[in-house]
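Visitor: Could you take me on a close look at a single part of this model, and then show me how that part connects to what lies around it? I work with structures every day, so please give me the cut-offs as well.

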Amino acid sequence: MKLSLLLAGLLSGFLALAQKPAPVGLQLYSFRSQFAKDVPGTMAKVKQLGFREAEIAGTYGLSLTDFRQLLDQNGIKAISTGASYEDLDNNVPKILAEAKALGAKYVTCAWIPHGGDAFTIYDADRAIDVFNTAGRLLADNGITFCYHTHGYEFQTYQNGTFFDYLAQNFDPKFVNFEMDVFWVKAPGYDPVALLQKYPKRFLLMHLKDRKPGTPDTNTGHSDIESNVTLGQGDVGIAAIMKQAKKSGVKHFFIEDESSRSMEQMQGSLAFLEGLK
């Protein structure tokens, strides 16, 4: 009798552990290969891992309505969804319709078009105009716009970087940022220092770690296989998490772009769970 009670207790403990909500959300792009083969099965795995919040990166052939239904069935809330620069420039109503269909309150853009690897003042000024205009239209409809940093913004400009120039010229009422910590570290910058320098400007965050010894780059391009389990790289995730909430980050998403993302995810979650 005692043994059966013990086993029942252990089983309920394991089930509770499996069902415990993850401490952060997931950028679904992390499982793009799996979603491409099996959308319902992969979404069930996202739920099984404990994720209750997600950032959307496409619907893998499903309609927006069907994808939203799948999210709802698995108890996963879409916090944000991506939008192209071209749509932000030319088709904000399309973006609004997609965000509304998914139930997302944030829209992000992850790339400012520019020629080659060099980012220029022309590219920056054009983005400032596009994002301030689109951000106002989105805000008027209850959606918050964030630009996702991608490394090339940290190329030198005047006495600082293009990121500094963008931050000074994006209207904070309508345009803020999603920090991808990998893409702050990649060009040689410190995510903690950037959070401290620009409090309340980073509302969303991608958590991603980098294999030690990976070469720095400010082009926005890097080997995706350099993505490692959170806590095993050189980005400094523990210190970032300690600072992030103080600086106003509201939602966090693990993004693992490597081919090992599914295998590494539980280790990343365990690392975050272990942070004090």
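**The close look**

Guide: Happily! Leaving aside neighbours within four places in sequence, phenylalanine 174 is in contact (heavy atoms within 4.5 Å) with five residues I would start from: Asn132, Gly135, Arg136, Ala139 and Phe145. Before we go on, please keep in mind that this is a predicted model, in which local features need pLDDT of at least 70 and side-chain atom pairs count only at pLDDT 80 or more, while totals for chains, interfaces and linings use all residues. Residues are numbered from 1 along each chain as its sequence is written, and side-chain values use heavy atoms, with hydrogens and water left out.

Where does phenylalanine 174 sit? You will find phenylalanine 174 in the loop between helix 8 (162–169) and strand 8; helices (H or I, at least four residues) and strands (E, at least two) are DSSP runs, numbered from the N terminus. Is phenylalanine 174 buried or exposed? Phenylalanine 174 counts as buried because its relative accessibility is 12% (buried is under 20% relative accessible area, exposed over 50%, partly exposed in between, with a 1.4 Å probe and protein chains only). For a distance along the way, take isoleucine 95: 79 residues separate isoleucine 95 from phenylalanine 174 along the chain, and their C-alpha atoms are 15 Å apart.

From that loop, let us step into strand 8 (residues 176–180). Five of the five residues of strand 8 are buried, so the strand is largely enclosed by the rest of the structure. Strand 8 has a partner in strand 5 (residues 144–148), and these two pair in the parallel sense over three bridges (pairing takes at least two DSSP bridges between the strands). Within strand 8, asparagine 176 is the residue opposite cysteine 146. Strand 8 also runs parallel to strand 9 (residues 202–207), joined to it by four bridges. Here methionine 179 faces methionine 205, which belongs to strand 9.

Now go back to strand 5 and follow the pairing to strand 4. Strand 4 and strand 5 are parallel and share four bridges. Phenylalanine 145, which we met as a contact of phenylalanine 174, lies in strand 5 opposite valine 107. Valine 107 has a partner in the other direction of our walk too: threonine 81 is bridged to valine 107 in strand 4. Strand 3 (residues 77–82) pairs with strand 4 in the parallel sense over three bridges. As for the side chains of strand 4, Tyr106 and Thr108 point one way, Val107 and Cys109 point the other way, and all four are buried.

Several of these names return in the nonpolar cores (buried Ala, Val, Leu, Ile, Met, Phe, Trp, Tyr and Cys residues joined through side-chain atoms within 4.5 Å). The largest core holds 75 residues, and Met205, our partner from strand 9, is one of those that touch the most other members, along with Phe51, Leu88 and Phe131. Helix 7 (residues 121–140) is the biggest contributor to this core, giving seven residues. Not counting residues up to four places away in sequence, phenylalanine 51 touches Ala22, Val24, Gly25, Leu26, Val46, Ile76, Ile254, Met265 and Leu269. Tyr106 from strand 4 belongs elsewhere: a second, separate core of six residues includes Tyr106, Leu203, Leu204 and Phe253.
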